[in-house]
Amino acid sequence: MTRIQVAKFTRWLMHLHYDIRTEGGDLLRDGKVHLILPNHPAYVEPPMLCAEFAEVMIRPMADEAFFRKRISGWALRLANAILVPDLPATSADNREQSAAKARQLTTTALQALADNNDLLIYPSGHIRHKPVEQIGNRRLAYEVCQGIFAHENKETYARVRVIMLRTTGLDDSFFSKQKTRFTFRRRVLMHFEDMTDSLREWSQLNRRAFNEQLEQWYNS
């Protein structure tokens, strides 16, 4: 099966249970290059996004652990996903190794955008365990945005638009990390917004302040 066939089948399957609505989804069909920065309420949200926009070639960045699983690994390779390697626990011995892997990941993401790929990055790097999005001191989204908006890269990333996505309705779903509440027909809203100008401004802040701006938007 092709990627689009899998995405359309997944969409049909999901709509049996989820009443999925989108706002601003046409932003992904404007012919530009997109850096998509979503919140992460549940495990089902990434495939839901790719299924709803089957015709958009979105390259997700996903943790190495998901590549090792049979079904998710197969789906990620089909989507030409970018592997996010497991980083060792921080210590004096491996701090530099972790920093080098993080720098390489930023370079890989920026190259994907320069090659006109739509790229999906979860700023928090993990599914949330509380009702609010918490990004903390994560660095990937911040460093990629700094690279996009650097003056010397202006021409390289002129076509890139930063689209933020806030998905609601999945907090207490079976695929979330919060207390589950069964609903036969669950309503889900995916709200897309072009935040390019805001991200250009926020990328001038320090990393923690940048992430706080993202958290405020996701939790509004």
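Colleague: What radius of gyration does the protein chain have, and how does a compact globule with 220 residues compare?
Modeller: This is a predicted model, where local features need pLDDT of at least 70, side-chain atom pairs count only at pLDDT 80 or more, and totals for chains, interfaces and linings use all residues. The chain comes out at 17 Å, which agrees with the value near 17 Å for a compact globule (over C-alpha atoms; the rule is 2.2 Å times the number of residues to the power 0.38).

Colleague: And what share of the residues is buried?
Modeller: Buried residues (under 20% relative accessible area, 1.4 Å probe, protein chains only) are 46% of the 220.

Colleague: How many helices and strands are there?
Modeller: Eight helices and seven strands, as DSSP runs numbered from the N terminus (H or I, at least four residues; E, at least two).

Colleague: In what order do the strands sit in the sheet?
Modeller: The open sheet goes 1-7-6-2-5-3-4, with mixed pairing (at least two DSSP bridges between two strands). Strand 1 (18-23) and strand 4 (82-84) are the edges, each pairing on one side only.

Colleague: How do strand 1 and strand 7 run, parallel or antiparallel?
Modeller: Parallel, with six bridges joining strand 1 to strand 7 (residues 186-194). Numbering starts from 1 along each chain as its sequence is written.

Colleague: Which residue stands opposite Tyr18?
Modeller: Arg186, in strand 7.

Colleague: New topic: which strands does helix 6 lie across?
Modeller: Helix 6 (residues 140-149) lies across strand 2, strand 3 and strand 6. Helix 6 runs at about 155 degrees to strand 2 (N-to-C directions of lines fitted to C-alpha atoms, for helices over the stretch in contact, heavy atoms within 4.5 Å; scale 0 to 180 degrees).

Terms used: Side-chain values use heavy atoms; hydrogens and water are left out. Buried means under 20% relative accessible area, exposed over 50%, partly exposed in between (1.4 Å probe, protein chains only).
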